[in-house]
Amino acid sequence: MGQGGIVHSYTAAPCPLPCDGPAPRVVRHTGQGHGEGLPVDCEQCGFLVAQILVELGVGGTGSTTSSPQPLQYRDVFILTWDDSLHDAKSDASGQVTRPASGVLRGVREAGIPVTLLESGDEDGVRDVATMAGPDHVIATRCFDVQGLERKVVVWVGEKGPDDGWGRLLAASRCTSQLVWVTPPPREVRHIQR
Ligand SMILES: [Zn+2]
């Protein structure tokens with residue numbers, strides 16, 4: 001995020017200062033099983049994100065004496081830069097005419113409930129802000145939840161390592177564990193051209 005002057009350096013220390021949270025987890029959209037497009041369309045990336053969420057204990061029941069309480073699904077945001085996430089569309093007969101975004105399919109197939117918050121859904125935003133909706137992971141555009149925070153934030157990269165504004169917004173929404181989903185270097189060069 002220091003690239004392009006988005007975030008100015010704030011320390012003269014020769015190495016990064018220690019932080020009080022765990023290191024970001026990284027899912028690389030490359031290799032066997034991954035789709036050819038961007039991470040947002042990749043079921044395998046969604047599956048790997050789901051694995052990390054399970055490792056973090058998201059949605060677990062925990063023990064009655066455990067402290068702190070286990071993470072709920074609603075403690076997680078999946079964020080993108082634009083409104084490239086979409087849900088499944090069906091025709092009148094219930095036949096699916098367009099499947100949901102790959103990353104959503106991957107997370108859901110691992111048994112994790114995800115609600116997609118569409119742009120302009122003011123009631124949905126209110127529910128997300130007040131934690132009123134069902135205990136689901138919320139997937140949405142980063143701009144639609146500015147000002148809200150979650151313990152776990154998954155940033156689905158769309159433009160390579162220079163998608164700094166989006167990553168900055170995602171990082172600023174996270175109080176504990178960040179997960180980066182990053183496009184492969186080849187995609188990055190293609191997109192930057
Ligand atoms: Zn992938």
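Modeller: Two residues are in contact if their C-beta atoms, placed from the backbone, lie within 7 Å. On that basis, residues 24 or more positions apart account for 67% of the contacts in the chain with a separation of 6 or more. This is a predicted model, in which local features need pLDDT of at least 70 and side-chain atom pairs count only at pLDDT 80 or more, whereas totals for chains, interfaces and linings use all residues. Residues are numbered from 1 along each chain as its sequence is written.

Colleague: What makes up the secondary structure of the chain?

Modeller: There are five helices and eight strands, taken as DSSP runs (H or I over at least four residues for a helix, E over at least two for a strand) and numbered from the N terminus. Their order along the chain is β-α-β-β-β-α-β-α-β-β-α-β-α.

Colleague: How do you know that β5 and β6 pair?

Modeller: Pairing requires at least two DSSP bridges between two strands, and three bridges join β5 to β6 (residues 137-141), the two running parallel, with Val-114 opposite Val-137 in β6. They belong to an open, parallel sheet of six strands in the order β1-β8-β7-β2-β6-β5.

Colleague: What makes β5 an edge strand?

Modeller: β5 (114-116), like β1 (25-28), pairs on one side only.

Colleague: Which residues of α2 are called buried, and where do they pack?

Modeller: A residue is buried if 20 or more other C-beta atoms lie within 10 Å of its own (12 or fewer makes it exposed, anything in between partly exposed), and in α2 that holds for Gly-102, Val-103, Leu-104, Gly-106 and Val-107. These buried residues pack against α1 (43-55), β5, β6 and β7. Helix α2 (residues 102-109) itself lies across β5, β6 and β7 (150-156), at about 155° to β5.

Colleague: Why are α1 and α2 called oblique to each other?

Modeller: Their packing angle is about 40°, with the axes 6 Å apart; axes are lines fitted to C-alpha atoms, for helices over the stretch in contact, and angles run from 0 to 180 degrees between N-to-C directions. Angles under 35 degrees are roughly parallel, over 145 roughly antiparallel, 65 to 115 roughly perpendicular, and the rest oblique, and α1 and α2 are therefore oblique.

Colleague: Which classes of residue make the contact of α1 with α2?

Modeller: Seven are nonpolar, four polar and three charged, where Ala, Val, Leu, Ile, Met, Phe, Trp, Tyr, Cys and Pro count as nonpolar, Asp, Glu, Lys and Arg as charged, and the others, Gly among them, as polar. The residues that meet include Phe-47 and Val-49 in α1, and Leu-104 and Arg-105 in α2.
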